[in-house]
Amino acid sequence: MLTSIPELPLSGRTAIVTAAGAGIGRAIALEWAAQGGIVVAADLHADSAEATARSIRQARGESVWATVDVTAPDAMSQAVAAALDSYGRVDALFNVAGASLPRRVDEMDDTDWYRMIDINLTSVYRCSKAVIPELRRAGGGSIVNVSSTAGLLAENRCAAYSAAKGGVLLLTKNMAMDYAADSIRVNAICPGSTMTPRIREYLDRVPGHDSMIDGLCPMKRFAEPAEIARPAVFLASDAASYITGAVLAVDGGLTAGKHFAIFEDA
Ligand SMILES: NC(=O)c1ccc[n+]([C@@H]2O[C@H](COP(=O)([O-])OP(=O)(O)OC[C@H]3O[C@@H](n4cnc5c(N)ncnc54)[C@H](O)[C@@H]3O)[C@@H](O)[C@H]2O)c1
């Protein structure tokens, strides 16, 4: 007897994912596709964007790729064109691209400051602005902004990064209010320390640093990128249909409270 294959929850939904070439962005792209969604993998580096799209297609998913520099004035033009040319619509945007800079205020010049604000905060404004008309045209949709635990709690020597990631959270809430009437939901996630290739490379270079996570995070481990991707995709899915303006910490308890090792033996 023939049985029909149940439709996956995101079948036919097209998402643009920035920074899809590596780390958290790549994991979000793979998770969206695993749930049946179509992915426009957008990255500064064409080869890594293409590699993500290829991985999705090899797993029988649907994906195209685009070169996107989220700091460029027309950052999203290629990605939006790729989505419309191939699939005729955009249903979701994941603003993932960002970068950090370990500098105190007196260690930065204006160029450093504006670069951090641009890549982490202005990029969310810029990419969202380009995609909102398409979400409206599709009858609604979802934006998920990737902030950081550094946007919830100050992180030493990350002045501009923390300021920008904190800004992303209020921008998220503002957009949630402004576009609810268009059925566009806007949410943010705040990942804790996540074992992306960039972090792995850093830990290999600075021996001993990986054990610092034990003192910082109650779960005493880094997140895997897929553990950030699953809640990000949940926020963009219909399972989160009444969630907008929310900030979800995905951090193994890192921001749950102060961690006083001193009381552990008392
Ligand atoms: N990894 C972590 O521990 C962690 C923790 C909290 C928040 N975050 C945030 O998550 C996001 C992703 O971090 P990650 O560590 O997975 O990324 P990453 O730094 O490893 O970079 C991932 C991808 O971003 C692309 N990229 C860099 N600049 C770009 C630009 N201007 N335009 C488009 N793409 C660009 C790179 O080519 C790369 O493929 C960032 O916003 C970061 O601040 C990461």
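**A sheet, a ring pair and a ligand**

Author: Strand E2 (residues 38-43) and E3 run parallel and are joined by 6 bridges. This is a predicted model, where local features need pLDDT of at least 70 and side-chain atom pairs 80 or more, while totals for chains, interfaces and linings use all residues. Numbering starts from 1 along each chain as its sequence is written, and side-chain values use heavy atoms, without hydrogens and water.

Reader: What makes E2 and E3 a pair?

Author: Pairing takes at least two DSSP bridges, and here there are 6. One bridge links Asp 43 to Thr 67 in E3.

Reader: Okay, which order do the strands of the open sheet take?

Author: E3-E2-E1-E4-E5-E6-E7, 7 strands with parallel pairing. Strand E3 (62-67) and strand E7 (247-250) sit at the edges, each with a single partner strand, so one side of each has no neighbour in the sheet. Neighbours are turned by 20 degrees on average, direction ignored.

Reader: Which strands does helix H3 touch?

Author: Helix H3 (residues 77-87) packs on the sheet against strand E1 (14-18), E2 and E3; touching means heavy atoms within 4.5 Å. The direction of H3 makes about 150 degrees with that of E3, on a scale from 0 to 180 degrees between N-to-C directions. Helix H5 (residues 159-179) packs on the sheet too, touching strand E5 (141-146), strand E6 (184-191) and E7, at about 160 degrees to E6.

Reader: How many aromatic pairs turn up in the whole structure?

Author: Just 1.

Reader: And why is the pair of Trp 32 and Phe 94 given the class it has?

Author: Ring centres must lie within 6.5 Å, and planes under 30 degrees apart are stacked, over 60 edge-to-face, the rest tilted. The centres of Trp 32 and Phe 94 are 5.5 Å apart and the planes stand at 75 degrees, so this is an edge-to-face pair. Trp 32 is in helix H1 (residues 23-34) and Phe 94 in strand E4 (residues 92-95), so the pair ties together parts 62 residues apart in sequence.

Reader: Are Trp 32 and Phe 94 buried or exposed?

Author: Buried means under 20% relative accessible area, exposed over 50%, partly exposed in between. Trp 32 comes out at 1%, so buried, and Phe 94 at 0%, so buried.

Reader: What makes the ligand's link to His 45 a polar contact?

Author: The cut-off is a pair of N or O atoms within 3.5 Å. A ligand oxygen is 2.9 Å from a side-chain N or O atom of His 45. A ligand nitrogen is also 3.3 Å from a polar backbone atom of Leu 44.

Conventions
Rings of Phe, Tyr and Trp (its six-membered ring) pair if their centres lie within 6.5 Å; planes under 30 degrees apart count as stacked, over 60 as edge-to-face and the rest as tilted. Helices (H or I, at least four residues) and strands (E, at least two) are DSSP runs, numbered from the N terminus. Buried means under 20% relative accessible area, exposed over 50%, partly exposed in between (1.4 Å probe, protein chains only). A polar contact is a pair of N or O atoms within 3.5 Å; within protein, one must be able to donate a hydrogen and the other to accept it, and residues adjacent in sequence count only if both atoms are side-chain atoms.
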